[in-house]
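User: Could you walk me through this one? I'd like the contacts, the rings and the odd backbone spots.

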Amino acid sequence: AGHGGGDDLERGGPPAPQRVLFPPTFSVSEIKNKQRRHFMFLRWKQQQRKEKLAAKKKRRKEREALGDKAPPKAIPKTIENQRVYDETTVDPNDEEVAFDEATDEFAPYFNRQTVPKILITTSDRPRGRTVRFCEQLATVIPNSHVYYRRGLALKRIIPQCIARDFTDLIVINEDRKIPNGLVLSHLPDGPTAHFRMSSVRLRKEIKRKGKEPTEHVPEVILNNFTTRLGHSVGRMFASLFPHDPQFIGRQVATFHNQRDYIFFRFHRYIFKSEKKVGIQELGPRFTLKLRSLQKGTFDSKFGEYEWIHKRREMDTSRRKFHL
Amino acid sequence: SPQVVWSMLGNRQFCSYKMTTKTQNFCRNEYNLTGLCNRSSCPLANSQYATIREEKGRCYLYMKTIERAAFPRRLWERVLLNKNYEKALEQIDENLIYWPRFIRHKCKQRFTKITQYLIRIRKLTLKRQRKLVPLRRKIERRERRREEKALIAAQLDNAIEKELLERLKQDTYGDIYNFPIHAFDKALQQQGAESESESDAEREEEEDEDVDTREFVEAEDSELSDFEDMDKLETSSEEEQEEEEEVEKKASHSKSKGKTPLKGPARRKRPYIEIEYEEETEPTTKTKAA
């Protein structure tokens with residue numbers, strides 16, 4: 001009561017007829033004293049919570065009372081539900097997209113004309129973590145080789161790689177001793193994707209991990225690549241792995257796209273029954289975020305960019321995603 | 001005079017160009033030849049002094065003489081040195097011809113060092129440049145938070161498991177696993193159907209048999225019963241009543257038996273228990289009687 005009296009005094013000013021409203025509509029923010037304001041705020045919060053609980057109970061009672069005639073439960077809004085519709089979303093039956101994909105740079109791979117051979121390298125002077133990450137990545141991706149970059153220019157490496165029949169080039173960029181960027185370039189004249197890499201976990205940092213990944217060719221799972229851009233990125237990832245997975249190995253590499261973040265995981269699975277499967281994580285894990293997609297091979301100055309992440313334009317809406 | 005200057009600045013009092021460290025004193029003066037704070041290298045404490053300085057890739061020789069000590073604006077005389085290394089050295093020698101050895105030597109050393117680092121700069125600019133991009137803290141924080149939320153929303157394990165099960169259903173794994181779902185379920189369903197149909201069939205067969213037996217029995221008994229009835233009818237109604245009562249009793253017995261839930265077969269045979277009892281007992285009695 002004392003607090004209430006103090007508040008009334010401090011409210012100071014609303015004319016008498018307004019005070020007739022009950023309870024008095026004073027806002028908590030008008031109290032100058034921090035302690036008292038905090039106290040009033042807590043009280044207000046408690047009241048709100050109580051009202052909410054009461055409303056919930058009432059609604060539940062009504063629902064039970066109606067029984068079958070009750071309106072169906074409302075679906076909670078998630079960011080995925082509320083996603084702004086992207087006009088470049090690929091319809092599975094779209095012919096134009098199918099035609100494009102049959103004639104783009106990955107067509108030779110998908111027609112089984114080329115076998116993927118991958119070169120993994122880093123930026124200059126890699127530190128221990130990056131080196132170990134490269135090695136683990138090489139075990140995960142079959143038919144891949146790690147080479148040290150001793151200050152060589154990428155533009156000179158690329159013709160050499162093409163000459164030696166490599167199909168893909170991965171460059172892991174390092175900053176302050178942790179890998180933070182990935183450049184994935186499809187070699188014979190293919191697109192180059194530049195990603196920002198985050199939360200890299202090496203094998204020893206993963207809890208409850210299994211044994212080392214074996215030499216078997218893993219399966220590939222690509223989730224949620226819906227738009228045209230997402231499709232091309234997904235195909236890039238798919239072209240890293242050989243076509244025929246060896247099911248004996250029971251290994252699966254997953255690229256899961258969620259809100260423009262691509263999560264990479266490498267698991268070993270086992271079917272316990274026909275409705276239950278157990279998975280065990282081996283292998284490194286990391287998340288990627290696409291920064292730019294360039295038409296030709298790596299050329300930062302004169303390249304033709306298909307897509308660049310422009311922060312000012314593209315990060316305006318929280319419900320808009322591009323992959 | 002320079003002696004006085006040195007005794008003031010260099011040794012005791014404050015010189016703003018002087019930087020002291022644990023082991024050495026440095027001189028920050030831009031005209032200093034060696035960079036150290038010494039009696040011989042202090043440009044303020046020497047009235048005759050020379051330095052090499054470079055501007056925009058070209059080297060200049062700066063000289064200071066006593067004659068111009070009164071004119072600070074004209075104090076330092078500047079000579080552009082040749083781009084050629086040897087010719088520039090000759091130029092230095094030519095200009096500093098009667099100067100102390102120390103200054104000449106140090107000038108040439110400095111010039112050598114400067115040309116070397118200029119060469120290195122030119123070489124490095126040809127190689128790849130590393131572009132430093134500043135991170136914006138707010139954006140970094142935002143990205144990290146969004147990644148965490150996306151990870152939670154992704155529910156990766158569930159998604160992977162679902163995908164694998166779907167692939168199993170669609171038979172991409174072929175015959176590797178011993179529980180292809182469809183066949184198993186179908187087998188189960190079939191078994192269920194078979195068992196039901198079998199039980200039905202059995203029941204039907206049993207019923208048929210019962211029906212047959214009933215018929216068979218009935219036929220016999222009917223004949224007998226007819227005879228019996230006829231006999232009974234001929235004889236007296238009391239027997240009929242007794243039989244009826246017996247029948248009723250037996251019926252009631254059977255009914256009671258039926259009511260007390262015993263076994264399946266007891267229940268199943270309930271509809272014709274009565275009849276059997278009726279007809280079986282009667283002929284037995286009849287036969288016994290007979």
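Analyst: Here is a walk through the two chains, one topic at a time. This is a predicted model, where local features need pLDDT of at least 70, side-chain atom pairs count only at pLDDT 80 or more, and totals for chains, interfaces and linings use all residues. Residues are numbered from 1 along each chain as its sequence is written, chains are lettered from A and ligands numbered from 1 in the order in which they are written, and side-chain values use heavy atoms, with hydrogens and water left out.

User: Cool. How many helices and strands in chain A?

Analyst: Chain A has nine helices and ten strands. Those are DSSP runs, numbered from the N terminus: helices are H or I with at least four residues, strands are E with at least two.

User: And how much of chain A is buried?

Analyst: 40% of its 323 residues. Buried means under 20% relative accessible area, exposed is over 50%, and partly exposed is in between, using a 1.4 Å probe and protein chains only.

User: What share of the contacts in chain A is long-range in sequence, say 24 or more positions apart?

Analyst: Taking contacts with a separation of 6 or more, 64% come from residues 24 or more positions apart. A contact here is heavy atoms within 4.5 Å.

User: On to the interface. How many residues does each chain put in?

Analyst: Chain A gives 38 residues and chain B gives 31. Together they bury about 3,200 Å², with 59% of that on carbon and sulfur atoms. That area is the accessible area (1.4 Å probe) that two parts lose on being put together, summed over both.

User: Which three residues of chain B supply more of that area than any other three?

Analyst: B:R128, B:E147 and B:I160, which supply 19% of what chain B buries against chain A.

User: How many salt bridges between the chains?

Analyst: Five. The rule is a side-chain nitrogen of Lys or Arg within 4 Å of a carboxyl oxygen of Asp or Glu. B:E143 pairs with A:R196 in a salt bridge, and the closest N and O atoms are 3.7 Å apart.

User: Where is B:E143 in chain B, and what else does it touch?

Analyst: B:E143 sits in helix 4, residues 137–154 of chain B. Leaving out residues up to four places away in sequence, B:E143 touches A:R196, A:Y261, A:K289 and A:D315.

User: Why is B:E143 called buried?

Analyst: Because its relative accessibility is 7%.

User: Switching to rings. How many aromatic pairs are there over all chains?

Analyst: The count is 14. Rings of Phe, Tyr and Trp (its six-membered ring) pair if their centres lie within 6.5 Å; planes under 30 degrees apart are stacked, over 60 edge-to-face, and the rest tilted. Take A:F225 and A:F237: that pair is tilted, at 6.5 Å centre to centre with 55 degrees between the planes. The pair joins distant parts of the chain, with A:F225 in the loop between strand 6 (219–223) and helix 8 (228–238) and A:F237 in helix 8, twelve residues apart. Both A:F225 and A:F237 are buried.

User: Got an edge-to-face one too?

Analyst: A:F241 with A:F255 is edge-to-face, 6.3 Å between centres and 65 degrees between planes. A:F241 is in the loop between helix 8 and strand 7 (251–258) of chain A, while A:F255 is in strand 7, 14 residues away. A:F241 counts as buried because its relative accessible area is 1%, and A:F255 does so because its value is 3%.

User: Which residues do ring pairs link into a cluster?

Analyst: A:F133, A:F195, A:F225, A:F237, A:F241, A:F255, A:F264 and A:F286.

User: Any charges sitting over rings?

Analyst: In chain B, B:R53 lies over the face of B:Y62 at 5.2 Å from the ring centre, and B:R78 over that of B:Y60 at 4.1 Å. The test is NZ of Lys or CZ of Arg within 6 Å of the ring centre and within 35 degrees of the ring normal.

User: What about disulfides?

Analyst: The search finds zero over all chains, with a disulfide taken as a pair of cysteine sulfur atoms within 2.5 Å. For B:C42, the nearest cysteine sulfur is that of B:C27, 5.2 Å away.

User: Last one: the odd backbone spots?

Analyst: A:R259 has a positive phi of about 55 degrees although it isn't a glycine, and A:D260, also not a glycine, has a positive phi of about 75 degrees. A:R259 lies in the loop between strand 7 and strand 8 (261–273) of chain A, and A:D260 lies in the loop between strand 7 and strand 8. A:R259 counts as buried because its relative accessibility is 17%, and A:D260 because its value is 10%.
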